[in-house]
Amino acid sequence: MRSGVVIFPGSNCDRDMIVAIRKITGKTPIKIWHKEYDIPNLDLIVIPGGFTFGDYLRCGALAARSPVITSIKNHISRGGAVLGVCNGFQILIEAKILPGSLIRNKKLLFTCRETTLEVQSCIENPFLSGLKIGECLKIPVAHNEGNYFAPEDLLKQLKEEGRIALKYIKQNDNEKNYNPNGSTEDIAGILSNNGKVLGMMPHPERAINNLQGGTDGLKFLTNCVEQIIG
Amino acid sequence: MKVIVNVSLKEGVLDPEGQAIKSSLNNLGFEHCSDVRTGKQIILNLDQNSETEVLKQAKKMCEELLVNTVIENYEINILKD
């Protein structure tokens with residue numbers, strides 16, 4: 001699989017993502033600097049987490065206006081897959097590649113901890129298709145602006161089109177803070193209308209080794225790679 | 001010409017920062033403060049003399065970068081000396 005990881009000033013999960021993908025595919029993804037207009041044909045582009053451009057103006061706002069975004073849009077129009085994690089999700093939203101908005105966490109706290117995600121029934125996509133609907137994954141989050149917000153008509157559209165990919169879920173009835181940011185309907189990740197772009201707040205690259213507390217992120221990424229290779 | 005852009009959150013969009021400020025104001029004894037909404041102000045210096053052109057440019061900047069129109073409203077004012 002040919003993959004690439006985009007790097008902006010302030011990206012900080014790029015290396016972890018490269019390590020994770022290399023662990024699965026045995027091949028090192030190419031690094032794509034944000035000023036690049038021409039990127040080679042790839043199967044998967046990952047926009048990693050971080051604090052691009054210091055989160056100035058709005059998280060992801062300045063990164064979303066970088067030259068590389070045009071290349072990413074071309075990659076998508078060729079049918080290529082894009083995964084945006086955390087700040088990568090915020091960038092995809094700011095670039096209007098994914099709809100809605102990610103606002104401040106409801107409790108105004110930067111939240112860094114493990115969450116439980118539930119795979120939703122959604123349109124065909126190369127990220128979740130090999131996993132079971134309702135399957136739970138333990139993957140950590142680390143963000144301050146991960147509260148997904150969509151106006152009612154957009155939310156209705158996302159549901160009808162099966163574009164809500166991942167939700168935070170309770171592990172037991174008494175669990176109150178299972179949703180780390182107060183997102184609408186516990187949304188943790190959404191898909192583009194063709195299913196080829198997934199934006200998610202949790203960090204799968206931070207759960208690829210038991211030393212990190214779990215390997216569900218590895219399971220998730222391995223599935224992505226298998227689905228993309230076909 | 002100086003232009004002031006005021007960006008505010010749309011009605012219905014949760015403003016946790018505003019909520020926290022409101023609760024703090026209430027604790028300080030300002031019980032009548034029933035709601036707080038926060039926003040930001042961006043001051044632009046444009047090398048243009050025509051007010052119409054300045055407003056047009058500022059509006060374009062808002063739509064393309066300064067404002068997230070999904071959750072925010074904006075207001076543009078020219079700053080008179």
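A disulfide here is a pair of cysteine sulfur atoms within 2.5 Å. By that rule, the count over all chains is 0 disulfides. Before I go on, this is a predicted model, in which local features need pLDDT of at least 70 and side-chain atom pairs count only at pLDDT 80 or more, while totals for chains, interfaces and linings use all residues. Residues are numbered from 1 along each chain as its sequence is written, chains are lettered from A and ligands numbered from 1 in the order in which they are written, and side-chain values use heavy atoms, with hydrogens and water left out.

Back to the cysteines. Why is A:Cys86 not bonded to A:Cys13? The sulfur of A:Cys13 is the closest cysteine sulfur to that of A:Cys86, but at 6.7 Å it is too far for a bond. A:Cys86 is buried at 5% relative accessibility; buried means under 20% relative accessible area, exposed over 50%, and partly exposed in between, with a 1.4 Å probe and protein chains only. For B:Cys62, the closest cysteine sulfur is in A:Cys59, 19 Å away, again too far for a bond. B:Cys62 is also buried, at 0%.

Next, helix 2 of chain A, residues 68-77. Helices (H or I, at least four residues) and strands (E, at least two) are DSSP runs, numbered from the N terminus. Which residues of this helix are buried? They are A:Val68, A:Ile69, A:Ser71, A:Ile72, A:His75 and A:Ile76. They lie on the same side of the helix, because they cover an arc of only 155 degrees around the axis, taken from the directions from the helix axis to the C-beta atoms. Their packing partners in chain A include strand 1 (3-7), strand 4 (81-85) and helix 3 (87-94), where contact means heavy atoms within 4.5 Å. Just after the helix, A:Gly79 has a positive phi of about 95 degrees.

Now a helix pair in chain A. The axes of helix 1 (residues 14-25) and helix 5 (residues 216-229) come within 10 Å and cross at roughly 60 degrees. Axes are lines fitted to C-alpha atoms, for helices over the stretch in contact, and angles run from 0 to 180 degrees between N-to-C directions. Among the residues that meet are A:Met17 and A:Ala20 from helix 1, and A:Leu218 and A:Leu221 from helix 5.

Last, B:Val70, in the loop between helix 2 (51-66) and strand 3 (72-79) of chain B. B:Val70 is partly exposed, at 27% relative accessible area. Leaving out residues up to four places away in sequence, B:Val70 touches A:Gly100, A:Ser101, A:Phe149, A:Pro151 and B:Lys10.
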